[in-house]
Amino acid sequence: MQTARVLVPRRIATRAPALGAQVHALQGVTMGTSWSVRVAGPRALALAPLAQAIQQELDLVVAQMSPWEPGSDISRFNHAPAGSWHALPDAFSEVLACALQVARDSDGAYDPTAGALVDAWGFGPRQRHDEPGFMPPDDAAVQAARVVSGWQRLETGARGVRQPGGLRLDLSAIAKGHAVDRVVQRLAQQFGLDDVLAEVGGELRGEGVKPDGQPWWVALEPVPRWVDGGWQLDADPLPTRIALHGLGVATSGDHRRFFARGDRRYPHTIDPRTGRPIDHGVAVVTVLDTSCMRADALSTALTVMGPQAGLPWAEQRGIAALFVTRRADGGLDEQVTPAFAALE
């Protein structure tokens, strides 16, 4: 009989149950998705100040890094004239620095400057793939978007970041992870709450333990199969359960955002090196890291690489990653890195 996969970090500091403590749940909306936070604290813990602080952190990320907000820092940069320099807020600078590091390390498999390509394929703030009249870009449109993209075109320095002309930043594959990290840090620094599970749009990070002394257990979302033109879950999928104790987890998948034309599906993950949505059969890549921000960017980079290139790349860097790929017969295959396997 098959059993669920269980992942446990080696150094889990469980402790005796905390007397008089309980788990408090908060939730809301942000970035076109939902957020949820669970906090272990006294029964009389005032939740309104916590919710306000959480929303402030999330609103800050939106105000700085959302291309859907015309007045955001990223939107102003994306529409700025060629040659102009822009001083960036600290949070934006931190995220961009991480994004560019992953871009360099992955030789552009992940690229935060691919906003023109994201827009061209209908996954950005311009014409959406689900709007009337949308058509996938032709070769000329793809090439035009590639010409203005490329992390090597982005110059950074003491004055901030320089707009080379036509370049559009897109941080959607890293901003949610950063938002999770910010929420966890804010709750610890302002309220002294170190036992927290935070989630934004499916990206999670767990710190500390629950009142019963156990870590925060979460189950990875099961991967659906494409059956008769729609997504279908197995009748009794075996979950992967993870003890999040000082860990973030991020997942990039082909089933969350996509559009179909005829018998072909176009997932929202774009390969910046070709300018086109991935088509190598990767269904999901999950990455665990102490930084949810970094896990978010790495899961996208590995999704673009696919298991053939991504597995050895991740193994060399000690990245804990799970790859799920789709077979021609509709089945699913799993491959993991040694760092991921070491958690089982």
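# Exercises on cavities, cores and strands

By class, the residues that line the largest cavity comprise nine nonpolar, one polar and one charged. The model treated in these exercises is a predicted one.

**Exercise 1. The cavity**

Determine how many cavities of 30 Å³ or more a search of the whole structure finds, and state which residues line the largest cavity.

Solution. Step one is the count: searching the whole structure gives one cavity of 30 Å³ or more. Step two is the volume, which for the largest cavity comes to about 30 Å³. Step three is the lining, which is made up of Trp35, Ser36, Val37, Ile54, Leu58, Ala179, Val180, Val183, Ala198, Glu199 and Val200. Step four assigns this lining to elements: β3, α1, α6 and β7 (196–200) each contribute at least two residues. Step five is the class of each lining residue, where Ser counts as polar and Glu as charged, in keeping with the one polar and one charged residue of the tally.

**Exercise 2. The pocket**

Describe the largest pocket by its volume, by the residues closest to its centre and by the classes of its lining.

Solution. Begin with the volume, since the largest pocket holds about 930 Å³ of space. Its lining consists of 38 residues, and Ser172, Ala173, Lys176, Arg257 and His268 are the closest to the centre. Next, look at the elements behind the lining: at least two residues come from each of α1, α4, α6 (175–191), β13 (247–253) and α7. Finally, divide the lining by class, which yields 17 nonpolar, 13 polar and eight charged residues.

**Exercise 3. Nonpolar cores**

Find which residues have the most contacts inside the largest nonpolar core, and which helix gives the largest share of this core.

Solution. The largest nonpolar core has 61 residues, and within it Val37, Ile174, Leu187 and Leu302 have the most contacts. Helix α7 (residues 292–316) provides the largest share of this core, with 12 residues. Another core, of 19 residues, lies apart from it and includes Leu204, Val218, Ala283 and Ala320. For a closer view of Ile174, set aside residues up to four places away in sequence; Ile174 then touches Val95, Cys98, Ala99, Tyr110, Met293, Asp296 and Ala297.

**Exercise 4. Leu50**

Is Leu50 buried or exposed, and which residues is Leu50 in contact with once its neighbours within four places in sequence are left aside?

Solution. First place the residue: Leu50 belongs to helix α1 (residues 47–65). Because the relative accessible area of Leu50 is 1%, and buried means under 20%, Leu50 is buried. With its neighbours within four places in sequence left aside, Leu50 is in contact with Leu26, Leu45, Leu187, Phe191 and Leu193. As a last step, relate sequence to space: Leu50 and Gln190 are 140 residues apart in sequence, while their C-alpha atoms are 9.3 Å apart.

**Exercise 5. Positive phi values**

For Met31 and Asp107, give phi, name the loop that holds each residue, and settle how accessible each one is.

Solution. Take Met31 first: its phi is near 55°, a positive value in a residue other than glycine. Met31 lies in the loop between β2 (21–30) and β3 (33–42), and these two strands form a hairpin with two residues between them. The strands of this hairpin pair in the antiparallel sense over 10 bridges, and the bridge partner of Gln22 is Gly41 in β3. With a relative accessible area of 28%, Met31 is partly exposed.

Turn then to Asp107, whose phi is likewise positive and near 55°. Asp107 is found in the loop between α3 (90–105) and α4 (115–120). Its relative accessibility is 63%, so Asp107 counts as exposed, the cut-off for that term being over 50%.

**Exercise 6. Strand pairing**

Work out in what order three strands form an open sheet and why one side of β4 and of β5 is left without a neighbour in the sheet.

Solution. The order in the open sheet is β4-β6-β5, with antiparallel pairing. β4 (85–86) and β5 (155–157) stand at the edges with a single partner strand each, and therefore one side of each has no neighbour in the sheet. Between β5 and β6 (residues 160–162) there are three bridges in the antiparallel sense, and Gly157 stands opposite Gly160 in β6.

Elsewhere, β9 (residues 216–219) pairs with β12 in the antiparallel sense over four bridges, where Leu244 in β12 is the bridge partner of Trp216. Strand β12 (residues 240–244) is mostly covered, with four of its five residues buried.

Definitions and conventions
Residues numbered from 1 in each chain as written. Predicted model: local features only at pLDDT ≥ 70, side-chain atom pairs only at ≥ 80, totals over all residues. Heavy atoms only, no water. Buried < 20%, exposed > 50% of the residue type's maximum accessible area, 1.4 Å probe, protein only. Contact = heavy atoms within 4.5 Å. Core = buried A, V, L, I, M, F, W, Y, C linked by side-chain atoms within 4.5 Å. 1 Å grid on protein atoms, 1.4 Å probe; cavity = no way out; pocket = protein on both sides within 12 Å on 5 of 7 lines; lining within 4 Å. Points joined across faces, edges and corners; volume = space filled by probe spheres on them. Pairing = 2+ DSSP bridges.
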